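Work through the following exercises with the structure open beside you, and try each task on your own before you read its solution.

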Amino acid sequence: MGHYEELGVARSATHDEIKRAYYRLARRHHPDAHGQSSSAVQASARQIMVKINAAWAVLGEPAERSRYDLESAPPAPSARPASAAGGAERPVRARVFPDWFEPDDWSDADEEVPAYRLQEDVDDGVRGAADLIVFVPVGLAGLAVVCFTLGMVLQWTALFDLSFLLVPLSLVGFLAAPVVTIATRGRSRPARD
């Protein structure tokens with residue numbers, strides 16, 4: 001099975017499509033995602049992750065991907081039959097790794113993607129109120145600036161006082177928003193395969 005098949009993408013896939021496929025598969029098969037599973041499931045996930053990482057190591061780098069595409073491309077059909085060309089044609093061997101390197105033995109944990117980076121660069125869109133909560137502190141800080149400015153210009157002490165009340169509220173919001181977002185995402189996460 002080739003690297004494109006390992007990631008489940010077509011040869012014509014863009015770099016972003018390959019990256020999304022890699023992150024999707026890595027989230028599903030990373031050994032850290034199967035921490036509570038049996039040792040057989042963990043071993044299977046580890047083997048799959050090794051193949052996924054090997055495919056990403058080649059397809060994730062444009063120069064490596066070009067080299068892989070050239071080496072693994074099917075031979076162009078020749079105009080003359082093989083017997084007329086002076087013998088049988090030599091098969092093209094896709095060589096991605098050096099001869100001494102066996103991808104099946106690749107079990108170095110340092111090469112695996114850490115679980116905290118699996119979500120990196122993947123935009124699944126807004127998931128609801130938990131994602132929108134991060135904008136509340138920004139809005140409070142902006143409202144504090146507007147109230148302060150209007151309070152100074154119009155000499156309204158009520159607006160001026162309100163701006164000083166909004167500043168600590170926005171600071172508390174900046175501290176609380178990540179905690180609330182993480183807590184709500186942990187509860188709403190779908191079951192894994």
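**Exercise 1.** In which helix does Phe-148 lie? Find the helix, then decide how open this residue is and what surface feature it belongs to.

*Solution.* Begin by noting that the model is a predicted one. Phe-148 is part of helix α6, which covers residues 135–154. The next step is to look at its relative accessible area, which is 36%; because buried means under 20% and exposed means over 50%, Phe-148 counts as partly exposed. Finally, Phe-148 belongs to a nonpolar patch on the surface, together with Leu-143, Val-146, Leu-150, Met-152, Val-153, Leu-154, Trp-156 and Phe-164, and the accessible area of these residues together is about 870 Å². Helix α6 gives the most to this patch, with seven residues.

**Exercise 2.** Place Val-167 in its helix, and compare its distance from Ala-141 along the sequence with that in space.

*Solution.* Val-167 is located in helix α7, which covers residues 157–188, and with a relative accessible area of 39% Val-167 is partly exposed. Counting along the chain, Val-167 and Ala-141 are 26 residues apart, whereas from C-alpha to C-alpha they are 6.2 Å apart.

**Exercise 3.** Is His-29 buried or exposed, and which residues does it touch?

*Solution.* His-29 is found in helix α2. Its relative accessible area is 18%, and because the limit for buried is under 20%, His-29 is buried. Leaving aside residues up to four places away in sequence, His-29 touches His-34, Ala-45, Ile-48, Met-49 and Ile-52.

**Exercise 4.** Describe helix α2 as a whole, and then work out how it takes part in the largest nonpolar core.

*Solution.* Start with the length: α2 has 15 residues, and from its first C-alpha to its last it reaches 21 Å, close to the 21 Å expected at 1.5 Å a residue. Next, list the buried residues of α2, which are Ile-18, Lys-19, Ala-21, Tyr-22, Tyr-23, Leu-25, Ala-26 and His-29; what covers them includes α1, α3 and α4.

Now turn to the core, which has 16 residues, and among these Tyr-4, Leu-7, Val-9, Ile-18, Tyr-22 and Leu-59 touch the most other members. Two or more residues are given to this core by each of α1 (3–7), α2 (15–29) and α3 (39–59), and α2 gives the most, with six residues. As a last step, take Ile-18 and follow its contacts: not counting residues up to four places away in sequence, Ile-18 touches Tyr-4, Leu-7, Val-9, Ala-13, Trp-56, Leu-59 and Arg-65.

Key:
Residues are numbered from 1 along each chain as its sequence is written. This is a predicted model: local features need pLDDT of at least 70, side-chain atom pairs count only at pLDDT 80 or more; totals for chains, interfaces and linings use all residues. Side-chain values use heavy atoms; hydrogens and water are left out. A nonpolar core is a set of buried Ala, Val, Leu, Ile, Met, Phe, Trp, Tyr and Cys residues joined through side-chain atoms within 4.5 Å. Buried means under 20% relative accessible area, exposed over 50%, partly exposed in between (1.4 Å probe, protein chains only). Helices (H or I, at least four residues) and strands (E, at least two) are DSSP runs, numbered from the N terminus. Contact means heavy atoms within 4.5 Å. The expected span of a helix is 1.5 Å times one less than its number of residues. Patches are made of residues with over 30% relative accessible area and no salt bridge: like charges are joined within 9 Å, nonpolar side chains (Val, Leu, Ile, Met, Phe, Trp, Tyr) within 5 Å. Accessible areas come from the Shrake-Rupley method with a 1.4 Å probe; for residues, only the protein chains shown count as cover. A salt bridge is a side-chain nitrogen of Lys or Arg within 4 Å of a carboxyl oxygen of Asp or Glu.
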